[in-house]
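I opened a new notebook page for this structure. The entries below follow the order in which I looked things up.

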Amino acid sequence: MLLYYIYNIFVYIAGFFLKIIALFNTKLNLFVQGRKTVFQTLSDTISATDKVIWFHTASLGEFEQGLPVLEALKAQYPNHKFLLTFFSPSGYEVKKDSGVADIITYLPLDTKANARKFLALTHPELVVFVKYEFWPNYLAELKKSNIHTISISTIFRKSQVFFKFYGGWMRKSLRAFHHIFVQDETSQQLLKRINYTDVTISGDTRFDRVLEILDRDNSLSFVEDFKNNTPTVVIGSSWAEDEAIFVPFINATTEHCKFIIAPHNIKQAEIQKLKSSITKATVLYSERAQHKDLSQFEVFIVDTIGILTKVYSYADIAYVGGGMGTSGLHNTLEPAVFGIPVVIGKNYTGFKEAEDLVALGGIVSVTSKVSFQQVMHRLLTDADYKKAIGAINDAYVRSNGNACEIIMRYLNR
(Lines give C-alpha, C1' and ligand atoms only; values in the text may rest on other atoms or scores of the structure.)
Protein backbone atom coordinates (compact mmCIF):
# COMPACT_ATOMS: atom_id res chain seq x y z
CA MET A 1 0.00 0.00 0.00
CA LEU A 2 2.97 2.31 0.52
CA LEU A 3 3.52 2.60 -3.23
CA TYR A 4 -0.16 3.45 -3.71
CA TYR A 5 0.18 6.33 -1.23
CA ILE A 6 3.35 7.49 -2.97
CA TYR A 7 1.50 7.36 -6.31
CA ASN A 8 -1.28 9.59 -4.97
CA ILE A 9 1.19 12.11 -3.59
CA PHE A 10 3.00 12.10 -6.94
CA VAL A 11 -0.24 12.79 -8.84
CA TYR A 12 -0.96 15.85 -6.69
CA ILE A 13 2.61 17.12 -7.04
CA ALA A 14 2.56 16.52 -10.79
CA GLY A 15 -0.73 18.39 -11.09
CA PHE A 16 0.76 21.39 -9.28
CA PHE A 17 3.91 21.56 -11.39
CA LEU A 18 2.03 20.95 -14.63
CA LYS A 19 0.13 24.20 -14.07
CA ILE A 20 3.42 26.07 -13.81
CA ILE A 21 5.10 24.37 -16.77
CA ALA A 22 1.95 24.88 -18.85
CA LEU A 23 2.59 28.62 -18.79
CA PHE A 24 5.56 28.00 -21.08
CA ASN A 25 4.38 24.98 -23.09
CA THR A 26 1.47 25.12 -25.56
CA LYS A 27 0.61 21.42 -25.44
CA LEU A 28 0.71 21.24 -21.65
CA ASN A 29 -1.39 24.40 -21.49
CA LEU A 30 -4.09 22.62 -23.48
CA PHE A 31 -3.73 19.66 -21.10
CA VAL A 32 -4.24 21.89 -18.04
CA GLN A 33 -6.80 24.38 -19.36
CA GLY A 34 -8.92 21.69 -20.98
CA ARG A 35 -9.48 19.98 -17.64
CA LYS A 36 -10.77 23.09 -15.88
CA THR A 37 -14.29 22.83 -17.34
CA VAL A 38 -14.74 19.03 -17.37
CA PHE A 39 -16.94 18.72 -14.29
CA GLN A 40 -19.13 21.65 -15.32
CA THR A 41 -19.53 20.13 -18.79
CA LEU A 42 -20.54 16.79 -17.31
CA SER A 43 -23.00 18.46 -14.94
CA ASP A 44 -24.58 20.40 -17.81
CA THR A 45 -24.88 17.48 -20.23
CA ILE A 46 -25.65 14.39 -18.12
CA SER A 47 -28.78 14.11 -16.01
CA ALA A 48 -29.50 11.64 -13.24
CA THR A 49 -31.84 9.66 -15.50
CA ASP A 50 -29.45 9.34 -18.45
CA LYS A 51 -28.06 5.93 -19.30
CA VAL A 52 -24.36 6.41 -19.97
CA ILE A 53 -21.66 4.34 -21.63
CA TRP A 54 -18.15 5.67 -21.06
CA PHE A 55 -15.16 5.12 -23.38
CA HIS A 56 -11.71 6.23 -22.32
CA THR A 57 -8.66 6.45 -24.57
CA ALA A 58 -5.23 7.96 -24.10
CA SER A 59 -4.89 9.67 -27.45
CA LEU A 60 -5.76 9.53 -31.13
CA GLY A 61 -4.29 6.11 -31.85
CA GLU A 62 -6.19 4.48 -29.02
CA PHE A 63 -9.33 6.31 -30.11
CA GLU A 64 -9.03 4.67 -33.53
CA GLN A 65 -8.69 1.31 -31.79
CA GLY A 66 -11.80 1.81 -29.70
CA LEU A 67 -13.95 3.35 -32.44
CA PRO A 68 -15.28 0.08 -33.97
CA VAL A 69 -16.62 -1.01 -30.57
CA LEU A 70 -17.95 2.47 -29.82
CA GLU A 71 -19.84 2.56 -33.11
CA ALA A 72 -21.19 -0.98 -32.61
CA LEU A 73 -22.50 -0.05 -29.15
CA LYS A 74 -24.02 3.20 -30.44
CA ALA A 75 -25.94 1.24 -33.06
CA GLN A 76 -27.16 -1.22 -30.44
CA TYR A 77 -28.02 1.32 -27.74
CA PRO A 78 -29.33 4.42 -29.54
CA ASN A 79 -31.02 5.73 -26.38
CA HIS A 80 -27.86 5.77 -24.29
CA LYS A 81 -25.55 8.74 -23.97
CA PHE A 82 -21.99 8.07 -24.97
CA LEU A 83 -19.16 9.77 -23.13
CA LEU A 84 -15.68 9.78 -24.66
CA THR A 85 -12.67 10.94 -22.65
CA PHE A 86 -9.06 11.56 -23.64
CA PHE A 87 -5.93 11.86 -21.56
CA SER A 88 -3.86 13.66 -24.20
CA PRO A 89 -4.48 16.92 -26.08
CA SER A 90 -3.35 15.24 -29.31
CA GLY A 91 -6.48 13.11 -29.14
CA TYR A 92 -8.97 15.53 -27.61
CA GLU A 93 -8.09 18.55 -29.75
CA VAL A 94 -8.58 16.56 -32.95
CA LYS A 95 -11.84 14.85 -31.97
CA LYS A 96 -13.55 17.32 -29.59
CA ASP A 97 -15.98 18.53 -32.28
CA SER A 98 -16.29 15.27 -34.22
CA GLY A 99 -19.70 14.30 -32.85
CA VAL A 100 -18.57 10.69 -32.53
CA ALA A 101 -19.92 10.71 -28.94
CA ASP A 102 -22.55 12.77 -27.15
CA ILE A 103 -19.98 14.23 -24.75
CA ILE A 104 -16.24 14.48 -25.43
CA THR A 105 -13.94 15.72 -22.66
CA TYR A 106 -10.56 15.28 -21.05
CA LEU A 107 -10.23 12.81 -18.19
CA PRO A 108 -9.40 14.69 -14.97
CA LEU A 109 -6.17 13.69 -13.27
CA ASP A 110 -6.30 10.41 -11.37
CA THR A 111 -6.93 11.60 -7.83
CA LYS A 112 -9.37 9.95 -5.43
CA ALA A 113 -11.51 13.09 -5.29
CA ASN A 114 -11.61 13.47 -9.08
CA ALA A 115 -12.53 9.83 -9.57
CA ARG A 116 -15.39 9.99 -7.07
CA LYS A 117 -16.78 13.23 -8.53
CA PHE A 118 -16.40 12.05 -12.12
CA LEU A 119 -18.32 8.83 -11.51
CA ALA A 120 -20.97 10.57 -9.43
CA LEU A 121 -21.69 12.90 -12.35
CA THR A 122 -21.53 10.28 -15.10
CA HIS A 123 -22.88 7.12 -13.36
CA PRO A 124 -21.98 4.88 -16.36
CA GLU A 125 -23.55 1.48 -16.92
CA LEU A 126 -20.58 0.28 -18.93
CA VAL A 127 -16.98 1.50 -19.07
CA VAL A 128 -14.50 0.64 -21.83
CA PHE A 129 -10.81 1.45 -21.41
CA VAL A 130 -8.61 1.05 -24.48
CA LYS A 131 -5.16 -0.58 -24.62
CA TYR A 132 -2.84 0.85 -21.91
CA GLU A 133 -5.16 2.88 -19.70
CA PHE A 134 -4.83 1.78 -16.07
CA TRP A 135 -5.66 4.55 -13.61
CA PRO A 136 -5.68 3.15 -10.03
CA ASN A 137 -8.07 5.63 -8.42
CA TYR A 138 -10.62 5.52 -11.22
CA LEU A 139 -10.43 1.73 -11.26
CA ALA A 140 -10.81 1.56 -7.47
CA GLU A 141 -13.97 3.68 -7.63
CA LEU A 142 -15.35 1.63 -10.52
CA LYS A 143 -14.82 -1.56 -8.56
CA LYS A 144 -16.33 -0.06 -5.41
CA SER A 145 -19.44 0.90 -7.41
CA ASN A 146 -19.50 -2.47 -9.20
CA ILE A 147 -19.71 -0.77 -12.60
CA HIS A 148 -19.17 -3.16 -15.50
CA THR A 149 -15.71 -2.32 -16.80
CA ILE A 150 -13.68 -3.88 -19.61
CA SER A 151 -10.35 -3.25 -21.27
CA ILE A 152 -9.96 -3.85 -25.00
CA SER A 153 -7.07 -4.21 -27.45
CA THR A 154 -4.81 -4.53 -24.43
CA ILE A 155 -1.17 -5.60 -24.53
CA PHE A 156 0.83 -6.67 -21.50
CA ARG A 157 4.60 -7.01 -21.34
CA LYS A 158 6.66 -8.60 -18.58
CA SER A 159 8.45 -5.29 -17.98
CA GLN A 160 5.21 -3.68 -16.72
CA VAL A 161 4.71 -3.01 -13.02
CA PHE A 162 1.90 -5.59 -12.75
CA PHE A 163 4.44 -8.39 -13.05
CA LYS A 164 7.07 -7.03 -10.65
CA PHE A 165 7.41 -8.11 -7.00
CA TYR A 166 6.45 -4.58 -5.94
CA GLY A 167 3.43 -4.35 -8.26
CA GLY A 168 0.75 -5.65 -5.93
CA TRP A 169 -1.00 -2.30 -5.73
CA MET A 170 -1.34 -2.19 -9.51
CA ARG A 171 -2.37 -5.84 -9.73
CA LYS A 172 -5.20 -4.93 -7.41
CA SER A 173 -6.34 -2.31 -9.91
CA LEU A 174 -6.78 -4.97 -12.58
CA ARG A 175 -9.50 -6.59 -10.47
CA ALA A 176 -11.77 -3.69 -11.40
CA PHE A 177 -12.01 -5.10 -14.90
CA HIS A 178 -14.76 -7.65 -15.35
CA HIS A 179 -12.99 -8.79 -18.50
CA ILE A 180 -9.83 -7.92 -20.42
CA PHE A 181 -9.58 -8.44 -24.17
CA VAL A 182 -5.91 -8.84 -25.04
CA GLN A 183 -4.17 -8.75 -28.39
CA ASP A 184 -2.01 -11.85 -28.03
CA GLU A 185 -1.29 -15.06 -26.15
CA THR A 186 1.74 -13.56 -24.39
CA SER A 187 -0.55 -11.04 -22.67
CA GLN A 188 -2.96 -13.79 -21.65
CA GLN A 189 -0.15 -15.89 -20.17
CA LEU A 190 1.26 -12.94 -18.23
CA LEU A 191 -2.16 -12.31 -16.68
CA LYS A 192 -2.52 -15.99 -15.89
CA ARG A 193 0.76 -15.80 -13.93
CA ILE A 194 -0.82 -13.26 -11.57
CA ASN A 195 -4.07 -15.28 -11.35
CA TYR A 196 -6.17 -13.03 -13.56
CA THR A 197 -8.22 -15.32 -15.77
CA ASP A 198 -11.13 -13.22 -17.05
CA VAL A 199 -9.28 -12.83 -20.34
CA THR A 200 -10.04 -13.36 -24.03
CA ILE A 201 -7.58 -13.16 -26.89
CA SER A 202 -9.52 -10.99 -29.31
CA GLY A 203 -6.72 -9.37 -31.27
CA ASP A 204 -6.54 -5.68 -32.03
CA THR A 205 -9.68 -3.70 -32.91
CA ARG A 206 -7.53 -1.52 -35.17
CA PHE A 207 -7.82 -4.29 -37.76
CA ASP A 208 -11.59 -3.80 -37.81
CA ARG A 209 -11.01 -0.09 -38.12
CA VAL A 210 -8.63 -0.30 -41.06
CA LEU A 211 -10.78 -2.88 -42.86
CA GLU A 212 -13.57 -0.30 -42.83
CA ILE A 213 -11.29 1.88 -44.95
CA LEU A 214 -11.81 -0.47 -47.89
CA ASP A 215 -15.54 0.27 -47.87
CA ARG A 216 -15.11 4.05 -48.01
CA ASP A 217 -14.78 6.34 -50.96
CA ASN A 218 -11.02 6.90 -51.02
CA SER A 219 -10.91 8.82 -54.28
CA LEU A 220 -8.85 12.01 -54.54
CA SER A 221 -8.99 13.56 -58.00
CA PHE A 222 -5.77 15.52 -57.61
CA VAL A 223 -3.86 12.34 -56.69
CA GLU A 224 -5.29 10.60 -59.75
CA ASP A 225 -4.15 13.53 -61.88
CA PHE A 226 -0.68 13.47 -60.37
CA LYS A 227 -0.28 9.68 -60.50
CA ASN A 228 -1.47 9.42 -64.11
CA ASN A 229 -1.31 5.60 -64.03
CA THR A 230 2.37 5.69 -63.01
CA PRO A 231 3.76 3.37 -60.29
CA THR A 232 3.68 5.43 -57.11
CA VAL A 233 5.50 5.22 -53.79
CA VAL A 234 3.66 6.83 -50.86
CA ILE A 235 5.81 7.91 -47.94
CA GLY A 236 3.63 8.49 -44.88
CA SER A 237 4.31 10.27 -41.58
CA SER A 238 8.01 10.78 -42.29
CA TRP A 239 10.54 12.42 -39.99
CA ALA A 240 13.97 13.91 -40.67
CA GLU A 241 15.63 10.54 -40.04
CA ASP A 242 13.40 8.99 -42.70
CA GLU A 243 14.10 11.80 -45.15
CA ALA A 244 17.81 11.11 -44.79
CA ILE A 245 17.35 7.72 -46.46
CA PHE A 246 14.58 8.36 -48.99
CA VAL A 247 15.46 11.80 -50.38
CA PRO A 248 18.80 10.56 -51.86
CA PHE A 249 16.92 7.69 -53.49
CA ILE A 250 14.27 9.98 -54.98
CA ASN A 251 16.94 12.28 -56.37
CA ALA A 252 19.05 9.47 -57.84
CA THR A 253 16.58 6.86 -59.07
CA THR A 254 15.95 6.37 -62.76
CA GLU A 255 13.02 4.03 -62.18
CA HIS A 256 9.72 4.91 -63.83
CA CYS A 257 7.82 5.97 -60.71
CA LYS A 258 6.43 8.88 -58.72
CA PHE A 259 6.52 9.78 -55.05
CA ILE A 260 3.95 11.21 -52.66
CA ILE A 261 5.37 12.38 -49.33
CA ALA A 262 3.16 13.12 -46.32
CA PRO A 263 5.54 14.40 -43.62
CA HIS A 264 4.64 14.21 -39.95
CA ASN A 265 5.69 17.84 -39.47
CA ILE A 266 3.86 20.15 -41.86
CA LYS A 267 5.19 23.46 -40.58
CA GLN A 268 5.90 25.70 -43.57
CA ALA A 269 9.64 25.99 -42.84
CA GLU A 270 10.04 22.22 -42.66
CA ILE A 271 8.00 21.66 -45.81
CA GLN A 272 10.09 24.17 -47.76
CA LYS A 273 13.27 22.57 -46.44
CA LEU A 274 12.09 19.17 -47.66
CA LYS A 275 11.01 20.55 -51.03
CA SER A 276 14.33 22.27 -51.59
CA SER A 277 16.21 19.04 -50.86
CA ILE A 278 14.47 17.28 -53.76
CA THR A 279 15.91 17.85 -57.23
CA LYS A 280 12.99 16.42 -59.18
CA ALA A 281 9.89 18.40 -60.19
CA THR A 282 7.96 18.81 -56.96
CA VAL A 283 4.55 20.25 -56.12
CA LEU A 284 2.87 20.87 -52.77
CA TYR A 285 -0.74 20.05 -51.92
CA SER A 286 -1.23 23.73 -51.09
CA GLU A 287 0.00 24.67 -54.59
CA ARG A 288 -2.07 22.14 -56.56
CA ALA A 289 -4.70 24.67 -57.71
CA GLN A 290 -1.99 26.73 -59.40
CA HIS A 291 -1.15 23.94 -61.86
CA LYS A 292 -3.42 22.68 -64.62
CA ASP A 293 -1.42 19.51 -65.21
CA LEU A 294 -0.22 17.78 -62.03
CA SER A 295 1.02 14.81 -64.07
CA GLN A 296 4.09 16.84 -65.07
CA PHE A 297 5.45 16.55 -61.53
CA GLU A 298 7.39 13.58 -60.13
CA VAL A 299 7.01 14.34 -56.42
CA PHE A 300 3.93 15.50 -54.52
CA ILE A 301 4.30 16.75 -50.93
CA VAL A 302 1.16 16.63 -48.80
CA ASP A 303 1.39 19.71 -46.57
CA THR A 304 -1.95 19.11 -44.87
CA ILE A 305 -3.44 16.55 -42.49
CA GLY A 306 -6.37 14.15 -42.64
CA ILE A 307 -5.98 12.61 -46.11
CA LEU A 308 -3.08 10.15 -45.73
CA THR A 309 -5.35 7.11 -45.48
CA LYS A 310 -6.95 7.98 -48.82
CA VAL A 311 -3.56 8.71 -50.35
CA TYR A 312 -2.39 5.22 -49.37
CA SER A 313 -5.13 3.79 -51.60
CA TYR A 314 -3.14 5.07 -54.61
CA ALA A 315 0.16 3.55 -53.47
CA ASP A 316 1.89 0.69 -55.22
CA ILE A 317 4.48 0.68 -52.45
CA ALA A 318 4.37 2.42 -49.06
CA TYR A 319 7.05 3.60 -46.69
CA VAL A 320 5.84 4.33 -43.14
CA GLY A 321 7.92 6.77 -41.14
CA GLY A 322 9.04 6.96 -37.55
CA GLY A 323 11.14 3.82 -37.51
CA MET A 324 14.47 5.32 -38.49
CA GLY A 325 14.58 7.50 -35.39
CA THR A 326 13.16 7.24 -31.89
CA SER A 327 9.85 9.08 -32.39
CA GLY A 328 7.96 5.82 -32.81
CA LEU A 329 6.77 3.92 -35.85
CA HIS A 330 3.52 5.20 -37.33
CA ASN A 331 0.51 3.15 -38.41
CA THR A 332 1.54 0.34 -40.78
CA LEU A 333 -1.93 -1.19 -40.99
CA GLU A 334 -3.38 1.71 -42.98
CA PRO A 335 -1.24 0.99 -46.05
CA ALA A 336 -1.12 -2.78 -45.43
CA VAL A 337 -4.91 -3.05 -45.73
CA PHE A 338 -4.60 -2.14 -49.41
CA GLY A 339 -2.51 -5.25 -50.06
CA ILE A 340 0.69 -3.45 -50.97
CA PRO A 341 4.30 -3.89 -49.78
CA VAL A 342 5.25 -1.78 -46.77
CA VAL A 343 8.77 -0.61 -45.96
CA ILE A 344 9.79 0.73 -42.53
CA GLY A 345 12.92 1.80 -40.67
CA LYS A 346 14.99 -0.22 -38.25
CA ASN A 347 13.23 0.59 -34.96
CA TYR A 348 9.95 -1.30 -34.76
CA THR A 349 10.25 -3.35 -31.56
CA GLY A 350 7.07 -3.04 -29.50
CA PHE A 351 4.81 -2.49 -32.51
CA LYS A 352 3.14 -5.87 -32.68
CA GLU A 353 1.72 -5.73 -36.19
CA ALA A 354 5.09 -4.56 -37.53
CA GLU A 355 6.89 -7.33 -35.68
CA ASP A 356 4.41 -9.88 -37.05
CA LEU A 357 4.60 -8.65 -40.62
CA VAL A 358 8.38 -8.35 -40.67
CA ALA A 359 8.49 -11.99 -39.55
CA LEU A 360 5.95 -12.97 -42.21
CA GLY A 361 7.68 -10.95 -44.94
CA GLY A 362 4.93 -8.42 -45.65
CA ILE A 363 6.89 -5.55 -44.16
CA VAL A 364 10.53 -4.97 -45.07
CA SER A 365 12.72 -3.20 -42.52
CA VAL A 366 15.63 -1.11 -43.78
CA THR A 367 18.56 0.25 -41.81
CA SER A 368 20.32 2.71 -44.11
CA LYS A 369 20.29 4.61 -47.40
CA VAL A 370 21.89 1.61 -49.07
CA SER A 371 19.38 -0.96 -47.85
CA PHE A 372 16.51 1.39 -48.69
CA GLN A 373 17.83 1.75 -52.23
CA GLN A 374 18.20 -2.01 -52.62
CA VAL A 375 14.71 -2.80 -51.32
CA MET A 376 13.00 -0.09 -53.38
CA HIS A 377 14.86 -1.09 -56.54
CA ARG A 378 13.67 -4.68 -56.20
CA LEU A 379 10.09 -3.70 -55.41
CA LEU A 380 9.98 -1.39 -58.43
CA THR A 381 11.49 -3.89 -60.85
CA ASP A 382 10.26 -7.30 -59.65
CA ALA A 383 6.49 -7.40 -60.11
CA ASP A 384 6.11 -10.94 -58.74
CA TYR A 385 8.06 -10.08 -55.59
CA LYS A 386 5.98 -6.94 -55.03
CA LYS A 387 2.73 -8.83 -55.53
CA ALA A 388 3.73 -11.63 -53.15
CA ILE A 389 4.63 -9.20 -50.36
CA GLY A 390 1.42 -7.25 -50.81
CA ALA A 391 -0.60 -10.48 -50.61
CA ILE A 392 0.98 -11.27 -47.22
CA ASN A 393 -0.22 -7.94 -45.85
CA ASP A 394 -3.70 -8.37 -47.28
CA ALA A 395 -4.08 -11.84 -45.75
CA TYR A 396 -2.71 -10.74 -42.38
CA VAL A 397 -5.08 -7.80 -41.98
CA ARG A 398 -8.13 -9.76 -43.11
CA SER A 399 -7.38 -12.73 -40.84
CA ASN A 400 -7.21 -10.47 -37.78
CA GLY A 401 -10.32 -8.45 -38.44
CA ASN A 402 -12.81 -9.93 -35.96
CA ALA A 403 -11.85 -8.37 -32.61
CA CYS A 404 -14.94 -6.16 -32.47
CA GLU A 405 -17.21 -9.15 -33.11
CA ILE A 406 -15.59 -11.09 -30.26
CA ILE A 407 -16.01 -8.18 -27.84
CA MET A 408 -19.62 -7.57 -28.84
CA ARG A 409 -20.49 -11.27 -28.36
CA TYR A 410 -19.25 -10.98 -24.78
CA LEU A 411 -21.20 -7.78 -24.13
CA ASN A 412 -24.40 -9.24 -25.60
CA ARG A 413 -24.44 -12.47 -23.67
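How many helices and strands does the chain have? I counted 19 helices and 14 strands in the chain. I noted at the start that this is a predicted model.

**Entry: overall dimensions.** I looked up the span of the C-alpha trace along its principal axes and wrote down about 65 × 45 × 40 Å. I then checked the radius of gyration, which is 23 Å for the chain. A compact globule of 413 residues would have a value near 22 Å, so the two agree.

**Entry: burial and contacts.** I looked up how much of the chain is buried and found 52% of the 413 residues. I also checked the contacts with a separation of 6 or more. Of these, 66% are between residues 24 or more positions apart.

**Entry: surface and charge.** The accessible surface of the chain comes to about 19,200 Å². Carbon and sulfur atoms account for 53% of that surface. For charge, I noted 44 positive and 40 negative side chains. The centres of the two sets lie 8 Å apart.

**Entry: residues 6-26.** I looked in the UniProt record, an unreviewed entry, and found the feature "transmembrane region" placed at residues 6-26. In the model, I found this span to be 81% helix and 0% strand. The C-alpha atoms at its two ends lie 29 Å apart.

**Entry: E62.** Which residue does UniProt list for "active site"? The record, again unreviewed, gives E62. I located E62 in helix α4, which covers residues 60-76. Is E62 buried or exposed? Its relative accessible area is 17%, and the cut-off for buried is under 20%, so E62 counts as buried. Leaving out residues up to four places away in sequence, I found that E62 touches T57, V130 and K131.

**Entry: S153.** I next looked up S153 and found it in strand β5, residues 148-154. S153 has a relative accessible area of 0%, so I entered S153 as buried. What does S153 touch, not counting residues up to four places away in sequence? I listed Q65, K131, F181, Q183, G203, D204 and T205.

**Entry: E62 and S153 side by side.** I compared the two contact lists and saw K131 in both: K131 touches E62, and K131 also touches S153. I closed the page with the two locations, E62 in helix α4 and S153 in strand β5.

Terms used
Residues numbered from 1 in each chain as written. Predicted model: local features only at pLDDT ≥ 70, side-chain atom pairs only at ≥ 80, totals over all residues. Heavy atoms only, no water. Helix = DSSP H or I, 4+ residues; strand = E, 2+ residues; numbered from the N terminus. Rg over C-alpha atoms; globule rule 2.2 N^0.38 Å. Buried < 20%, exposed > 50% of the residue type's maximum accessible area, 1.4 Å probe, protein only. Contact = heavy atoms within 4.5 Å. Areas by Shrake-Rupley, 256 points an atom, 1.4 Å probe, with all protein chains shown as cover. Lys, Arg positive; Asp, Glu negative; His and termini not counted. Charge placed at Lys NZ, Arg CZ, Asp CG, Glu CD. UniProt positions renumbered as here; feature names shortened; annotations may be inferred.
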